[in-house]
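Colleague: Got a minute? I'd like to go through this model with you before I head back to the bench.

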Amino acid sequence: MSKEKIIIANWKMKISLSESKQLAQDLIDPLKEIKGIEIAVAPNFLSVCDVADILKDTSLKICSQDAFWEQQGAYTGEISPQLLKEAGCEFIIIGHSERRKFMMENYEMIHKKTKLVLETEGVTPVVCIGENWDERKTDRRDFVLFDQLQQALGGLKFGQGDRIIVAYEPIWAIGSGTAIEPAEAEYAHKVIRLTLNDMFGKDVVDENFQIIYGGSINSSNVVGFLGLENIDGMLVGGASLNAEEFAKVIKSFNK
Ligand code: PEP
């Protein structure tokens, strides 16, 4: 499995179809020289095909913001991993805290989605976990991470070449404008890695897993996260909506 660092842009539902196309176009030039780092963008569902088409001759990859837990059937309004793959997606975000909050996504749904994405050849799940402010303040973070990993991934099997990304996103840092201290992120990533080692064995984790950080990363604070042992990349929201700013984040991370 590629051990390059990965940076994923989460555009959420913040920009229109035409703005998504423009942003994809605007990223091509500033990112064309970047090597040794994997980059993906996650447009809204409606924009995936157009953005994939615009980026088809570049090294930039496409990520979906969600997927359903069945491949096909009478599920009005849903989109399956297979359809997303057909549309050009190579990554699929699962269990983002905004979906847990606004769409009432629960542990069972997240587990089923993760399992199906893993079973779909050619797409990699990006499973989001993270504690809220109350949990952090009352020192329950480690247990919350342990519990969310167990619920999302418990019982799953990983074969050679299977790849899975865990995104640590402290809910209280998302969209706040202030990332957490890099040392705190490194500690949480260590907890995640050790939990995964306990669940699946160190060899499987070293081979199949990457752990990335998300929560108010921008070009000014990203430098603090460079070179940390357990941070394999970034999930970037707000700062990815401006091509110049996102390119700066990538260039700093790539140094
Ligand atoms: C996110 O919601 O995945 C995210 C990282 O957002 P932001 O960078 O805006 O905090």
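Modeller: Sure, let's take the ligand site, the cysteines, one helix and a few single residues in turn.

Modeller: Bear in mind that this is a predicted model, so to speak: local features need pLDDT of at least 70, side-chain atom pairs count only at pLDDT 80 or more, and totals for chains, interfaces and linings use all residues. Residues are numbered from 1 along each chain as its sequence is written, and side-chain values use heavy atoms, with hydrogens and water left out.

Colleague: OK, ligand first. Which residues come nearest to the ligand?

Modeller: Lys12, Glu169, Gly175, Ser216 and Gly237, out of 14 residues around the ligand. To be near, a residue needs a heavy atom within 4 Å of the molecule.

Colleague: And what classes of residue make up the shell?

Modeller: There are 3 nonpolar, 8 polar and 3 charged residues. Ala, Val, Leu, Ile, Met, Phe, Trp, Tyr, Cys and Pro count as nonpolar, Asp, Glu, Lys and Arg as charged, and the others, Gly among them, as polar.

Colleague: Which ligand atom does the Glu169 side chain approach?

Modeller: An oxygen atom, which lies 2.7 Å from a polar side-chain atom of Glu169. Asn10 also has a polar side-chain atom 3.4 Å from a ligand oxygen, while Gly175 uses a polar backbone atom, 2.7 Å from an oxygen of the ligand. The protein buries 96% of the 300 Å² that the ligand exposes when taken alone (Shrake-Rupley areas with a 1.4 Å probe; for residues, only the protein chains shown count as cover).

Colleague: Switching to cysteines. How many disulfides are there?

Modeller: The search of the whole structure turns up 0, with a disulfide being a pair of cysteine sulfur atoms within 2.5 Å.

Colleague: Why is there no bond for Cys89?

Modeller: Because the closest cysteine sulfur, in Cys63, is 7.0 Å from the sulfur of Cys89, too far for a bond. For Cys128 the closest cysteine sulfur is again in Cys63, at 8.8 Å, also too far.

Colleague: Is Cys89 buried or exposed?

Modeller: Cys89 is buried, at 2% relative accessibility, and Cys128 is buried with 2% as well. Buried means under 20% relative accessible area, exposed over 50%, and partly exposed in between, using a 1.4 Å probe and protein chains only.

Colleague: Now α10. How many of its residues are buried?

Modeller: 8 of the 11 residues in α10 (243–253) are buried, including Phe246, Val249, Ile250 and Phe253. Helices here are DSSP runs of H or I with at least four residues, strands are runs of E with at least two, and both are numbered from the N terminus.

Colleague: What covers those buried residues?

Modeller: The cover includes β1 (5–10), α1 (17–31), β2 (37–42) and β8 (233–236). At the N-terminal end, Asn242 caps α10, with a side-chain oxygen 3.0 Å from the backbone nitrogen of Glu244.

Colleague: Last one, Ile180. Where does Ile180 lie?

Modeller: In the loop between β6 (164–168) and α8 (182–200). Ile180 counts as buried because its relative accessibility is 4%.

Colleague: What does Ile180 touch?

Modeller: Beyond residues up to four places away in sequence, Ile180 touches Tyr168, Pro170, Trp172, Ala173, Ala185, Tyr213 and Phe225, where contact means heavy atoms within 4.5 Å. Tyr213 is 33 residues from Ile180 in sequence, with 9.8 Å between their C-alpha atoms.

Methods: Polar contact = N/O pair within 3.5 Å; in protein donor to acceptor, adjacent residues only side chain to side chain.
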